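Thank you all for making time this morning. I would like to walk you slowly through one structure, and I will try to keep the pieces in an order that lets you find them for yourselves.

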Amino acid sequence: MDYIEIEGQKYPRITIVWKDIIGDSSMTTMNESRELVCPTIFTEGYLFDVFEDDGERYVRTFATYQKEDGVAFGDRNCFPLSVLTSKSQLDVEMAVLLYV
């Protein structure tokens, strides 16, 4: 697993695969309604951390950063761990064990 190092902290590069919520407010038939499914989304970036809030675990990522004039992170995301695919959940856990 590749990583970057910023001020002594290792941030692993990770692909997070997750299910997004989708909505449709138009009127549809029963069959069309059954075809509405959550799309699978791929997010590339670096694992910032994993944390827990109110009993639920979350994953924070970033894709851009700067080192000059103080460290700063951009293109950030925060995902409930529960929306990640099973494989992505395992990948995050492995990254946490190795780097965070």
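**Salt bridges, a helix and two loops**

Let me begin with R60, which has a relative accessible area of 31% and is therefore partly exposed. Before I go further, please keep in mind that what you see is a predicted model.

The partner of R60 is D49, and the two form a salt bridge in which the closest N and O atoms are 2.8 Å apart. This pair links distant parts of the chain, since R60 belongs to strand β4 and D49 to strand β3, with their positions 11 residues apart in the numbering. D49, for its part, counts as buried, because its relative accessibility is 16%, and the limit for that word is under 20%.

How many salt bridges are there by this rule? The count comes to four, and I will describe two others besides the one we have just seen.

One of them joins E44 to R13, where the closest N and O atoms are 3.6 Å apart. Here too the pair links distant parts of the chain, with E44 in strand β3 and R13 in strand β2, 31 residues apart. E44 has a relative accessibility of 44% and so counts as partly exposed, and R13, at 39%, counts as partly exposed as well.

The other is a salt bridge between the side chains of D91 and K87, with 3.0 Å from N to O. Both of these residues lie in helix α2, four residues apart, which is about one turn of the helix. D91 is partly exposed, because its relative accessibility is 23%, while K87, at 57%, counts as exposed.

That brings us to the helix itself. Helix α2 runs over residues 86-99, and its 14 residues, taken at 1.5 Å a residue, should span 20 Å; the C-alpha atoms at its ends are 20 Å apart, so the expectation and the model agree.

Which residues of α2 are buried? They are S88, V92, A95 and Y99. If you look down the axis of α2, these buried residues fall within an arc of 65°, and so they line one face of the helix. The cover over them includes strands β1 (3-6), β2 (9-19), β3 (40-53) and β4 (56-62). On the face of α2 turned away from that buried side, you will find the exposed residues S86, K87, L90 and L97.

L97 also appears in another setting, since M1, M94, L97 and L98 form a nonpolar patch on the surface, and together they have about 440 Å² of accessible area. L98, which is placed in helix α2, has a relative accessible area of 52% and is therefore exposed.

Let me now return to strand β4, where T61 has its place. Is T61 buried or exposed? Its relative accessibility is 5%, so T61 counts as buried. Leaving out residues up to four places away in sequence, T61 touches I16, Y46, F48, D75, R76, N77 and F79.

R76, one of those contacts of T61, lies in the loop between β6 (72-74) and β7 (77-80). In contrast to T61, which is buried, R76 is exposed, because its relative accessible area is 65%. When neighbours within four places in sequence are left aside, R76 is in contact with T61 and F62. Its C-alpha atom is separated by 13 Å from that of Q66, a residue 10 places away along the chain.

I would like to finish with a point about the backbone. Most residues other than glycine have a negative phi. D75, however, has a positive phi of about 50° although it is not a glycine, and D75 sits in the loop between β6 and β7. E7 likewise has a positive phi of about 50° without being a glycine, and its place is in the loop between β1 and β2. With a relative accessibility of 74%, E7 counts as exposed.

Technical notes
Residues numbered from 1 in each chain as written. Predicted model: local features only at pLDDT ≥ 70, side-chain atom pairs only at ≥ 80, totals over all residues. Heavy atoms only, no water. Helix = DSSP H or I, 4+ residues; strand = E, 2+ residues; numbered from the N terminus. Expected span 1.5 Å × (residues − 1). Buried < 20%, exposed > 50% of the residue type's maximum accessible area, 1.4 Å probe, protein only. Arc of directions from axis to C-beta. Contact = heavy atoms within 4.5 Å. Patch = residues over 30% accessible without salt bridge, like charges linked within 9 Å, V, L, I, M, F, W, Y side chains within 5 Å. Areas by Shrake-Rupley, 256 points an atom, 1.4 Å probe, with all protein chains shown as cover.
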